[in-house]
Structures are given as C-alpha cells and as structure tokens.
Amino acid sequence: MTKTRHSRLIILGSGPAGYSAAVYAARANRTPLLITGLEQGGQLMTTTDVDNWPGDVEGLQGPALMERMKRHAERFATEIVNDQVQSVDLSVRPFRLEGDAGHYTCDALIIATGAAAKYLGLASEEKFRGRGVSACATCDGFFFRGHRVAVVGGGNTAVEEALYLTHHAEGVTLIHRRDSLRAEKILQARLFANPKIRVVWDSVVDEIEGGGTPETVTGVRLSNVKTGAVTTLPVDGVFIAIGHSPNTAIFAGQVAMDGEGYIRTVPGSTRTTVEGVFAAGDVQDKVFRQAVTAAGTGCMAALEAEKWLAELPAASGSSPGAALAAD
Ligand code: FAD
Ligand code: NAP
C-alpha cells in the first residue's frame, strides 16, 4: 500500500512558475515538495529559441532554460517528485492530492499546472493525431523532412512553429482564420521574409483528409470565411497552434475559475478562493502567458504561501479569497 506523504508546502507543476516558486520557498527554508506532472519542464520543453528571457542576451533553447531552472530549485533543497496528480481535495485540512505514484497531503498548495495545447475538435484531427497531426513542431517536425506541412493559427506559437518547420519541410502553409496575425511584429516580419512559407488568409480547416495504407494525412479541406469557397490543400502534416487551455480540470468546483477555466486570483496577489491555496503562471493568466510572468507570479505565490504558513494558527476563520466569486 502506498504511504501518504505530508509536506508543509506542495508546488504542483514544473514550468517556470513552479520552479520559481520552488527557488523562493526553498530559500525560505520551507523544503517544498514539487510534483512535476507528465510534462516535466512545462511548455518551454516544446520550443527551441527563447529570445525574451531577461539576461540571456544571445537567447537560449527552451529545454536548456528549464534544465537550469530545475537545477536552481534543487540547489536550494527542493524535493522533486515525478508524478501526475489525478485528483485533489481542497475541502479538508491538510489538503489531499492523489497521484499516479503516490498520495500526498500539504498545509499550503501552489497550483502551477500551466496550460495545454488546444485542438480544433474535428473527428479527423483526432483520427490522425500522431499520424500527421501534431501540436508540437519541435517534437514532430523532423518526421516531415522534405514534405509539405500546414500550420493552423495566427499567434506567436503558430508563427514560430511555421518558421521552425522550414528547417525540415519542403514548404509550409500557414492557415489563419482572419486577414491579420496576432503574433508579435518581429515574428511576422520573419515569417513574411521566409520564401518557404505562404499564408492562406481568412480560412478555416473543415476536415483533415487522409489516404494510403496505413492511412496518413494527405491534405486539408479549407473554407474561406469571406467567400465560402471550399478548397483542398495537399499536405502531409498538419500542426495545430491555436492556443492553450488551462490545466485546471482537477480543481473544478473547488476553487473559483472564470468562464474559460482559468483560476481566479485576488488582484495583485496569487491567493485563490481557498485559503492556503495559491495559483501562479499560465493557469491563472490568460493575458500575458510568458515565461517571465509565470516566473514572477511563481515568486509571488511562494512569498505569499510562506507568509500564510508562518501565520497559520491565526489564519483560520477569515478567507483571504472571499472577495472572489465563481463565475
Ligand atoms: P507550464 O510551462 O505550462 O507548466 C505546467 C506544469 O504543470 C508542467 O510541468 C505540467 O507537467 C504540470 N502539470 C499539469 N497538470 C498537472 C497535474 N495534474 N499534476 C502535476 N503536474 C501537472 N514564453 C516566453 O516568454 N518566451 C517564449 O519564447 C515562449 N515560447 C513558447 C513557445 C511555445 C511553443 C509555447 C507553447 C509557449 C511559449 N511561451 C513562451 C509561453 C511559456 O511557455 C508559458 O508562458 C510558460 O511555460 C508558462 O509557465 P507555467 O509554469 O505557468 O506552466
Ligand atoms: P494565442 O496568442 O491565443 O493565438 C491563438 C491563435 O489561434 C490566434 O491567432 C487565433 O485566431 C487562432 N485560433 C484560436 N482558435 C482557433 C480555432 N478554433 N480555429 C482557428 N484558429 C484559431 O496562442 P499562442 O500563439 O499559443 O500563444 C499563447 C501565449 O504564449 C501568448 O501569450 C504568446 O505571446 C505566448 N508565446 C510567446 C512566444 C514568444 O514570446 N516568442 C512564443 C509562443 C507563445 P485569432 O487571432 O483570430 O483569435
């Protein structure tokens, strides 16, 4: 039988928010337990160049940055456990967490579970996932060496994925539902200057088509949202880059969230509607969603958790998150 493990502070998530919280909490001698989740290192493990991490003038690779953050957290005695938490109970004290590999309890919890890629929701997309449909160019781009690929989306991720894919693919088509991109201007300039990339504007993917044995992607059927024209674009791979949803399913009904599932925090703070539970990073931020802002709120969460733990006997009764209401 698995033993239940108690910690004063648990940090859930190993992205920039989780590791930053760990560095601050460990330096306050809280010996936090950080549970990594399946995606060890978080979203930046799926990218290459990170050009906007302050202090790294030449830029650096996402996985290298996350490895450095991990080592930094370990240097100050954070205990790191590789596990994925499947359910939590925040109605009891201490809080309870059930993982695939263990059971945990804690007095304070920092939720830094980040966000995960969204998909279009087409049955054909599901059918070809892993056989021509992907949400991670750095993970799967290599398989499309010399082939034609499409990227769906108009934000930073879509543009970066398209640029990255030009290193492998023969040609890259960016499909966007509007006539202008949401991505930063510097990325747009790189995209438009790249001769291997073309953009199909005002278009949505109706279906992903396949053929052959075993069946793989052969093209995408597109509708132009302005003219209604339906066309087929022949491609061998489709990369979906239409944004992310917060990883908050296990907290449903336990902490207040907005209509899109982002955890609500008290303005200027990382406190949630449950006393002793703090949220940092993309899981509570649908506006900025950057490594540096995730790290910043991770720091805030650790400082607030530390203060809360220090005042624990006096803290019961009043609810710091009472100002929040569920949508
Ligand atoms: P995440 O990085 O999403 O990490 C979440 C963590 O929570 C993961 O470790 C996961 O395993 C864990 N987790 C989730 N559920 C559970 C669970 N049930 N139990 C235990 N653990 C769990 N930002 C920049 O500033 N610069 C960039 O250049 C940049 N490039 C990007 C490129 C791509 C392709 C993408 C997708 C994003 C990029 N971003 C970039 C955004 C940046 O990656 C995010 O803002 C940042 O990673 C958010 O950090 P986070 O710690 O909140 O969450
Ligand atoms: P995003 O900024 O939310 O962009 C999503 C894109 O997908 C938008 O262009 C959107 O179209 C489109 N889209 C959404 N749903 C769609 C659907 N159902 N069908 C077709 N298109 C759809 O997401 P992101 O690009 O993943 O970026 C997420 C966050 O990470 C952002 O804050 C971003 O700045 C950050 N990030 C930063 C970097 C960097 O700093 N270098 C790199 C990657 C990501 P509309 O434009 O019409 O809404």
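Trainee: Where does Ala 77 lie among the helices and strands?

Mentor: Ala 77 belongs to the loop that connects α2 with β5 (79-81). Please keep in mind that this is a predicted model.

Trainee: What is the value of phi at Ala 77?

Mentor: Phi at Ala 77 is near 65°, a positive value in a residue that is not glycine. Thr 31 can be read in the same manner: its phi is near 30°, again positive and again in a residue other than glycine. Thr 31 is located in the loop between α1 and β2 (33-35).

Trainee: Is Thr 31 buried or exposed, and why is Ala 77 placed in its own accessibility class?

Mentor: The general idea is a pair of cut-offs: buried is under 20% relative accessible area and exposed is over 50%, with partly exposed in between. Thr 31 has a relative accessible area of 54% and is therefore exposed. Ala 77 has 47% relative accessibility, so it counts as partly exposed.

Trainee: Which peptide bonds should I inspect for the cis form?

Mentor: The omega angle is the quantity to read. The bond from Arg 93 to Pro 94 is cis, with omega near -10°, and Pro 94 sits in the loop between β6 (85-89) and β7 (95-99). The bond joining Thr 213 and Pro 214 is also cis, with omega about -5°. Pro 214 is part of the loop between β14 (203-211) and β15 (216-224).

Trainee: How far apart in space are Ala 183 and Pro 214?

Mentor: Their C-alpha atoms are 36 Å apart, while the separation in sequence is 31 residues. Ala 183 lies in the loop between β12 (171-175) and α6 (185-193).

Trainee: Why does Ala 183 count as buried, and which residues does it touch?

Mentor: Its relative accessibility is 4%, so Ala 183 is classed as buried. Beyond four places in sequence, Ala 183 touches Gly 154, Gly 155, Asn 156, Val 159 and Gln 188. One of these, Gly 155, has a backbone N or O atom 3.3 Å from an oxygen atom of ligand 2.

Trainee: Which residues are closest to ligand 2?

Mentor: A ligand site is best read as a shell. Here 20 residues surround ligand 2, and the closest are Thr 157, Glu 160, Arg 178, Arg 182 and Gln 290. A polar side-chain atom of Arg 178 is 2.6 Å from an oxygen atom of the ligand, and a side-chain N or O atom of Arg 182 is likewise 2.6 Å from a ligand oxygen. The protein covers 80% of the 920 Å² of accessible area that ligand 2 has on its own. By class, its shell has four nonpolar, 10 polar and six charged residues. Helix α5 gives the most to this shell, with three residues.

Trainee: How many residues surround ligand 1?

Mentor: There are 36, the closest being Ser 14, Glu 39, Gln 43, Asp 282 and Ala 291. Polar pairs with the backbone deserve attention: a backbone N or O atom of Glu 39 is 2.7 Å from an oxygen atom of ligand 1. For Val 85, a backbone N or O atom lies 2.9 Å from a nitrogen atom of ligand 1. A polar backbone atom of Arg 289 is 3.1 Å from a ligand oxygen. The protein covers 94% of the 1000 Å² of accessible area that ligand 1 has on its own. Its shell comprises 12 nonpolar, 18 polar and six charged residues. At least two residues come from each of α1 (16-27), β3 (49-50), α5 (156-165) and α7 (291-310).

Trainee: Which members of the largest nonpolar core touch the most other members?

Mentor: In that core of 33 residues, they are Leu 9, Ile 11, Tyr 19, Trp 53, Leu 65 and Ile 110. The elements giving two or more residues are β1 (4-12), α1, α2 (62-75), β8 (103-111) and α7, and α7 gives the most, with eight. Beyond four places in sequence, the contacts of Ile 110 include Leu 9, Ile 11, Phe 278 and Ala 301. A second, separate core has 22 residues, among them Ile 35, Leu 109, Phe 251 and Val 283.

Trainee: In which helix is Thr 297 found, and is Thr 297 buried or exposed?

Mentor: Thr 297 is in α7. Its relative accessibility is 15%, so Thr 297 counts as buried. Apart from residues up to four places away in sequence, it touches Thr 270, Ala 280, Gly 281 and Gln 284.

Technical notes
Residues are numbered from 1 along each chain as its sequence is written. Chains are lettered from A and ligands numbered from 1 in the order in which they are written. This is a predicted model: local features need pLDDT of at least 70, side-chain atom pairs count only at pLDDT 80 or more; totals for chains, interfaces and linings use all residues. Side-chain values use heavy atoms; hydrogens and water are left out. A residue is near a molecule or strand if one of its heavy atoms lies within 4 Å of it. A polar contact is a pair of N or O atoms within 3.5 Å; within protein, one must be able to donate a hydrogen and the other to accept it, and residues adjacent in sequence count only if both atoms are side-chain atoms. Accessible areas come from the Shrake-Rupley method with a 1.4 Å probe; for residues, only the protein chains shown count as cover. Helices (H or I, at least four residues) and strands (E, at least two) are DSSP runs, numbered from the N terminus. Ala, Val, Leu, Ile, Met, Phe, Trp, Tyr, Cys and Pro count as nonpolar, Asp, Glu, Lys and Arg as charged, and the others, Gly among them, as polar. A nonpolar core is a set of buried Ala, Val, Leu, Ile, Met, Phe, Trp, Tyr and Cys residues joined through side-chain atoms within 4.5 Å. Buried means under 20% relative accessible area, exposed over 50%, partly exposed in between (1.4 Å probe, protein chains only). Contact means heavy atoms within 4.5 Å.
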